[in-house]
Every structure is written in structure tokens, then in C-alpha cells.
Amino acid sequence: MNPFSLSISRFRRIGRMCRESSFRSQVLATLLSALLLALPLPAPADTASGPAATLAMVYRDDVDPAAYWVSEKLDGVRALWDGRTLRFRSGQPIAAPRWFLDGLPREALDGELWIGRRSFEQLSGVVRKQQPVDDEWRQVRYMVFEMPEAPGSFTERIARIRAVTAGGPPWLGAVEQFRVAAAAALRRRFERVVAAGGEGLMLHRADAQWVAGRSDVLLKLTPWLDAEARVVAHRPGKGRLQGMLGALEVETPEGRRFRIGSGFSDAQRRAPPAIGTSVTYRYRELTAKGLPRFPRYLRVRELP
């Protein structure tokens, strides 16, 4: 037999076998796909597990503060405890030491991780580390002001918070709650707290059931400071703000530079204040480095 003819024959058989194998593979793949589609889908992962949070609205002058419990607004990091895991408000777990967590009760709590007034930057550096440092965490207290999903009025929940924290470790405490008779008394207390370095006051309706989300059962009263700065650069936006302004880079009269990324409408982001323009911004306080904390754009400063 011609060797060349034999080689051609072998190639044809190999080709036929490959085609048949490919067909069988396609049939098997189709059957597997049908089987998978018939199976029930697993439940989606719960990416925001843990207790929900009540979010505050802004205090108004027409509110009668006598109907509320009042507390100092702590300059801390919001933390929610579900009895097992301590989380940021975003739902991400907080890498706290095991001994810190073991001292917390096995019921849901809402509060602030706190070191003290004007210590936010120090606190943030401690609680956001993925590897907690025991000596740093020994400065931190978990100050509780709410019990998510607990029954009863806020007055009743305060009693429960005090009872739970009273028997706990030294790093667990209850935020002090007090009453005022009228707006004038509220204002005096507010001024004392701010003068001492506090952020402001929180007001929680005494008769309110617990609610999740933003609600007027919880109000915040905080000071705002205004200042001016010169625009030195435009920083581009990302995501939804692609093609628009993301933030203004500004410089204060003292030469300090920082960015303002909030307070703009979409129209202002499409046509931001020109470089060299003086703008007015609003902020809460200065950091230890002399930079405004939580700066927010207010308006272009109209020079005379």
C-alpha cells in the first residue's frame, strides 16, 4: 500500500473522531447548562448585615426641645454592634481587638467609638487599621446612645441602655441624656458644649419608637463656620461625575491647601468657579493641622 495513501486515511479517521468528540462535548455542555438553570439560585449575600441605623435630620428653630432627650454629639466614629460583629455604618466590619468585643453584651447596640473631644483624627487612625493595636484601643470607648429594633419609647430604651452598660467593661459607656425645658436652655447648653470643644447636640424624641433611616425623631444641632479661599485647581470627577468637577483645590490666605468636594449642584460642577476666584466655604472646625474639617462649597465670593 502507498504510504502516502495510508497517511491520508489516518488523517481522515482522526478528523472524523474529533468531529464526533466535539459533537458529544457540545451535547454534554447543553445538558449541563439545562440542569444548572433548573436548580434554585442561592440567596444573595447579605452585604449590609448587622443592625440598621437611625439617621438624624437638622434641628429647626420651630422644634420644641422639651419633647426630646438631649445629648452631646460626640466627635467619634459611628459603630453598630449586632451581638457578634462591630461594624462601621457602611456595614464593613471594624477590626477591633478580641478582648474589646468580648466585653460587649450579646444584643444590638448603636453608638460612637470615641476617645475625647477634638480627637477624631487620632481615633480614625486607630479604628481603621486592619491589624488592631491593643495599646491604641485601650484609649477607645464605645459610647452607646441607641438599641436598634428594641421595643418601647426612647425613654424606655435609655433605661435599658443604662442597665446594659452599667455592668459592662470600662470601655463600654452610655451617652449622657438630659432634658431641657425650652429653646433658651437648649441654646445655653449648646453654647457651653461648643465652647468646650464639642461638636454640638443631638435631640431624640422621648416618645419615639426605634426607626431605621433618616427621620425627624432624631435631630442634630451643630455649629458651622464660614471662610474664604482662592481656587487654584479643578480636580476631575469620577463615576457619575465623569466629565464634571470632582473637587476644587483651594488655598487659604495663610497658604494652606485643601480640596472642597461637596456642596455643588450639577450645573456648578459643569461650570465651576474659575481658577483665581475667591469662594466661600462652610466647615465645622479646624483639624490639628489647621485645615477645615468637612469643608462644603457655599458660593463665589463677590468682591467689591
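## The lining of the largest pocket

Let's start with what surrounds the largest pocket in this predicted model. Its lining divides into 18 nonpolar, 7 polar and 15 charged residues. In total, 40 residues line this pocket. If you would like to find its centre, look for Lys73, Arg78, Arg89, Glu112 and Lys220, which lie nearest to that point.

Several strands contribute to the lining. Those giving two or more residues are β1 (54-58), β2 (68-72), β3 (77-81), β5 (109-114), β6 (141-146), β8 (201-205) and β9 (213-221). As for the space inside, the largest pocket holds about 990 Å³.

## Two residues with a positive phi

Now for the backbone. Most residues other than glycine have a negative phi. Arg118 is not a glycine, yet its phi is positive, at about 60°. You can find Arg118 in the loop that runs between β5 and α3 (120-127). Glu149 is also not a glycine, and here the phi is positive at about 70°. Glu149 sits in the loop between β6 and α5 (154-166).

## Buried or exposed?

Are the side chains of these loops' two residues worth a look too? Here is how each residue is classed. Arg118 has a relative accessibility of 59%, so Arg118 counts as exposed, since the cut-off for that class is over 50%. Glu149 has a relative accessibility of 60%, and therefore Glu149 counts as exposed as well.

Definitions and conventions
Residues numbered from 1 in each chain as written. Predicted model: local features only at pLDDT ≥ 70, side-chain atom pairs only at ≥ 80, totals over all residues. Heavy atoms only, no water. 1 Å grid on protein atoms, 1.4 Å probe; cavity = no way out; pocket = protein on both sides within 12 Å on 5 of 7 lines; lining within 4 Å. Points joined across faces, edges and corners; volume = space filled by probe spheres on them. Helix = DSSP H or I, 4+ residues; strand = E, 2+ residues; numbered from the N terminus. Nonpolar A, V, L, I, M, F, W, Y, C, P; charged D, E, K, R; others polar. Buried < 20%, exposed > 50% of the residue type's maximum accessible area, 1.4 Å probe, protein only.
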